[in-house]
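Here are my notes on the pockets and the nonpolar cores, as numbered points. Please read them with the structure open.

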Amino acid sequence: MVGFDGSMSSERALAYAIGMANRLSSGLIIVHVANRLPTTVWAGCEPPVFVDVPDHRTEVLGLELACADYLSEVPWVLVERGGDICHELEEVGREYSADAIVVGSTHGIVGRIFGSVAGRLARRAQRPVIVIP
């Protein structure tokens, strides 16, 4: 299973996961997690509410992947989820009994401030996590 968002690091993770699936003669689960935006409810100090925002990026990614020659080597499926990336990757891994979760490393200031997805996932996942630089 591989987390994929179209970034360069997720492209590298996808390439590694394809090779891994090919060597194991198995299929590949490609997971795109759409973010959910928090909206604070001000009246009555209620807890934050999360709003699902339509993410057409999954459709675009699906079309790009369907046209990619390099994915013809292994059977694959694209799964879309919404919410916390780590939680959703872990859940899909559990649902599909994935052998491992492959993700790209996070670069930049956001990863340094909030912690990278790969780091958080590696600390809490119940299956092997492979982080591709």
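1. In this predicted model, strand E2 (28–34) is the element that gives the most to the lining of the largest pocket, namely four residues. Two or more residues also come from each of helix H1 (8–23), helix H3 (85–95), strand E6 (101–104) and helix H5 (117–124).

2. The volume of the largest pocket is about 330 Å³. Its lining is made up of 21 residues, and those nearest the centre are Gly3, Phe4, Asp5, Ile85 and Val117. Sorted by class, the lining of the largest pocket holds nine nonpolar, nine polar and three charged residues.

3. The second largest pocket encloses about 200 Å³. Lining it are 15 residues; Met1, Ser26, Gly27, Ala98 and Asp99 lie nearest its centre. At least two lining residues come from H1 and at least two from E2, with H1 supplying the largest share, three residues.

4. What is the class make-up of the lining of the second largest pocket? It divides into 11 nonpolar residues, three polar and one charged.

5. The largest nonpolar core has 17 residues. Val2, Leu14, Leu28, Ile30, Leu71 and Val102 are the members that touch the most others. H1, E2 and helix H2 (57–66) each give two or more residues to this core, and H1 gives the most, six.

6. Which residues does Val102 contact, leaving aside its neighbours within four places in sequence? They are Met1, Val2 and Gly3, then Ala13, Tyr16, Ala17 and Met20, and finally Ile130 and Ile132. Of these contacts, Val2 is also listed with Val102 among the core members that touch the most others.

7. Apart from the largest nonpolar core lies another core, of 14 residues. Its members include Met1, Leu89, Leu121 and Ala125. Met1 is also one of the residues nearest the centre of the second largest pocket, and Met1 is in contact with Val102.

8. Glu90 sits in helix H3, an element that gives two or more residues to the lining of the largest pocket. Is Glu90 buried or exposed? Its relative accessible area is 17%, and the cut-off for buried is under 20%, so Glu90 counts as buried.

9. Outside its neighbours within four places in sequence, Glu90 is in contact with Ile101, Leu121, Arg124, Ala125 and Gln126. Two of these partners, Leu121 and Ala125, are members of the core of 14 residues.

Methods:
Residues are numbered from 1 along each chain as its sequence is written. This is a predicted model: local features need pLDDT of at least 70, side-chain atom pairs count only at pLDDT 80 or more; totals for chains, interfaces and linings use all residues. Side-chain values use heavy atoms; hydrogens and water are left out. On a 1 Å grid over the protein atoms alone, a cavity is a set of points where a 1.4 Å probe fits but cannot get out, and a pocket is an open set with protein on both sides within 12 Å along at least five of seven lines; lining residues have an atom within 4 Å of a point. Grid points are joined across faces, edges and corners, and a volume is the space filled by probe spheres set on the points. Ala, Val, Leu, Ile, Met, Phe, Trp, Tyr, Cys and Pro count as nonpolar, Asp, Glu, Lys and Arg as charged, and the others, Gly among them, as polar. A nonpolar core is a set of buried Ala, Val, Leu, Ile, Met, Phe, Trp, Tyr and Cys residues joined through side-chain atoms within 4.5 Å. Buried means under 20% relative accessible area, exposed over 50%, partly exposed in between (1.4 Å probe, protein chains only). Contact means heavy atoms within 4.5 Å.
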